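Visitor: Please show me how to read surface patches and salt bridges in a structure.

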Amino acid sequence: MRCSGPYPNQFTFSSILSASAATMMVLHGQQLHSLIHKHGFDANIFVGTALVDMYAKCADMHSAVRVFDQMPERNLVSWNSMIVGFFHNNLYDRAVGVFKDVLREKTVIPNEVSVSSVLSACANMGGLNFGRQVHGVVVKFGLVPLTYVMNSLMDMYFKCRFFDEGVKLFQCVGDRDVVTWNVLVMGFVQNDKFEEACNYFWVMRREGILPDEASFSTVLHSSASLAALHQGTAIHDQIIKLGYVKNMCILGSLITMYAKCGSLVDAYQVFEGIEDHNVISWTAMISAYQLHGCANQVIELFEHMLSEGIEPSHVTFVCVLSACSHTGRVEEGLAHFNSMKKIHDMNPGPEHYACMVDLLGRAGWLDEAKRFIESMPMKPTPSVWGALLGACRKYGNLKMGREAAERLFEMEPYNPGNYVLLANMCTRSGRLEEANEVRRLMGVNGVRKEPGCSWIDVKNMTFVFTAHDRSHSSSDEIYKMLEKLEKLVKKKGYVAETEFVTNHLEENEEEQGLWYHSEKLALAFGLLTLPIDSPIRIKKNLRTCGHCHTVMKLASKIFDREIIVRDINRFHRFADGFCSCGDYW
């Protein structure tokens, strides 16, 4: 058109600026901006608004602000372009600031785009107080009947942990679409109500609402968090039925769900069925192997992924570095860590530094791990110091472990796991007074160890056990099975590791107390009720103790059973007397 002679007008520029915004190539937009200035359309409200939108979508908010400030006239679309631009560029406080300016303007009235965008900004920055004020604006300007606005309000309340208010709004929505249901289900997930999230997914289906990609990804995440395999397989059936078997995001979530439910075979079957792999599917399968302690497969799959020309993500490298740690590949791990910046132009994050500290610590290079922390270009996170503390526990370095624990006490004073680890280290070193002092410190800080519980699924029913639990109707049989198991493992020469007892008991009581841990009760129940050829899958809310870990290994050999335990850190797959974690967790 430019070569043919006709002059562009405001409609031409508005349209081509939208195209430039879609390409997200700011250079094109800058060239058009020069042409707009040359033809004298700078002052046109439609062209100015399109320029603001283009710069915002190209992540150049500095230029967007400059254009907006120079506009002699602005309409609501202009203001909305600024609010949406700041929101999409994660400048949430600036989005809120522009919305406040809109409210001060006498000539414009906010609409659904204005309030929905600022509500999303409030949600992401935890701005409950201003979000409630925006709720008042919604009521004032009669925007309540709009489902789009109500969805944003619900999302804001859920993300700001004002859960009950979000549920009340859901109940008031008359015309609920799939987005409304997704916001509700995600709200349950964000507030750690995974079981309710799954239940409401099925309520949505009964009401005839067809799930979309977000619905399936969210509910699969809930199933994974619950380790509810039967729930996950039922959702997989819905995915097949509704034709989402080629959606890469859903397939990645499926792989993760099966992995976190303890079924690595099903996870790999989903992965194998994908025709055109991308970084999501590769990383999901690599993460699945890493979660189950299959370090060699992680390295192999990563190398295969690189050979296919797929660029790894930050998450991919976390899995690879962790796998190197579990297999003692120190030099290889260091090479992968250095390749992040040199080859893949990626800055390592705190999680990668934590993996490296863990890698060096597992290999027994505690001094090197400490120096690595001191050389970090950022402030060490709790996960970094936690990795060092775990390594000190393994190698009995109480002095360094005490230093790491003290850092952790400052950073996360209410995390009971750090106190328990240090207390156990002191006990194993014979420093009982120091161990008691650590426990006293827990009391002073009001920190209480979370009661341990384990659960196991039998015939689509979940059975929960706590330590010394006798609430089950089959308790007599369960405790008889435990007595049998105790005799069998002692025949194998096992001696009880009473250092894992945290209460002050007599020696015989200490040993007996170990046998009534929740995961052993779940194991006994599984041995009694599950078919001989099926794996025993146990979930636990805390880190499994060393005594239970050893007993599980021996039980897998004695009964020739596959036992899969998912604790708060990882999966332990026990088979033929060995564990996939390599006895380090």
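Guide: Start with a patch. Patches are made of residues with over 30% relative accessible area and no salt bridge; like charges are joined within 9 Å, and nonpolar side chains (Val, Leu, Ile, Met, Phe, Trp, Tyr) within 5 Å. Here Leu103, Ile109 and Phe141 form a nonpolar patch on the surface, together offering about 250 Å² of accessible area. Such areas come from the Shrake-Rupley method with a 1.4 Å probe, and for residues only the protein chains shown count as cover. This is a predicted model: local features need pLDDT of at least 70, side-chain atom pairs count only at pLDDT 80 or more, and totals for chains, interfaces and linings use all residues. Residues are numbered from 1 along each chain as its sequence is written, and side-chain values use heavy atoms, with hydrogens and water left out.

Visitor: Where does Ile109 lie? Why does Ile109 count as buried, partly exposed or exposed?

Guide: Ile109 lies in the loop between helix 6 (92-104) and helix 7 (112-125). Helices (H or I, at least four residues) and strands (E, at least two) are DSSP runs, numbered from the N terminus. Buried means under 20% relative accessible area, exposed over 50%, and partly exposed in between (1.4 Å probe, protein chains only). Ile109 has 53% relative accessibility, so Ile109 counts as exposed.

Visitor: Now salt bridges. How many does a search of the whole structure find?

Guide: Side chains of opposite charge can pair when their charged atoms come close. The cut-off: a side-chain nitrogen of Lys or Arg within 4 Å of a carboxyl oxygen of Asp or Glu. Searching the whole structure gives 16 salt bridges. Take Lys57 and Asp53, whose closest N and O atoms are 3.3 Å apart. Both lie in helix 3 (residues 45-57), four residues apart, about one turn of the helix. Lys57 is partly exposed because its relative accessibility is 45%.

Visitor: Which helix holds both Arg440 and Glu437?

Guide: Helix 26 (residues 432-444) holds both, three residues apart, about one turn of the helix. Their side chains meet in a salt bridge at 2.7 Å, N to O. Arg440 is partly exposed at 46%, and Glu437 is partly exposed at 42%.

Visitor: What about Lys557 and Asp576?

Guide: Their side chains meet in a salt bridge of 3.1 Å, N to O. This pair links distant parts of the chain, 19 residues apart: Lys557 is in helix 30 (residues 546-558), and Asp576 is in the loop between strand 5 (571-575) and strand 6 (578-579).

Visitor: Which residues are linked in a network of salt bridges?

Guide: Lys370, Glu374 and Glu403 are linked that way.
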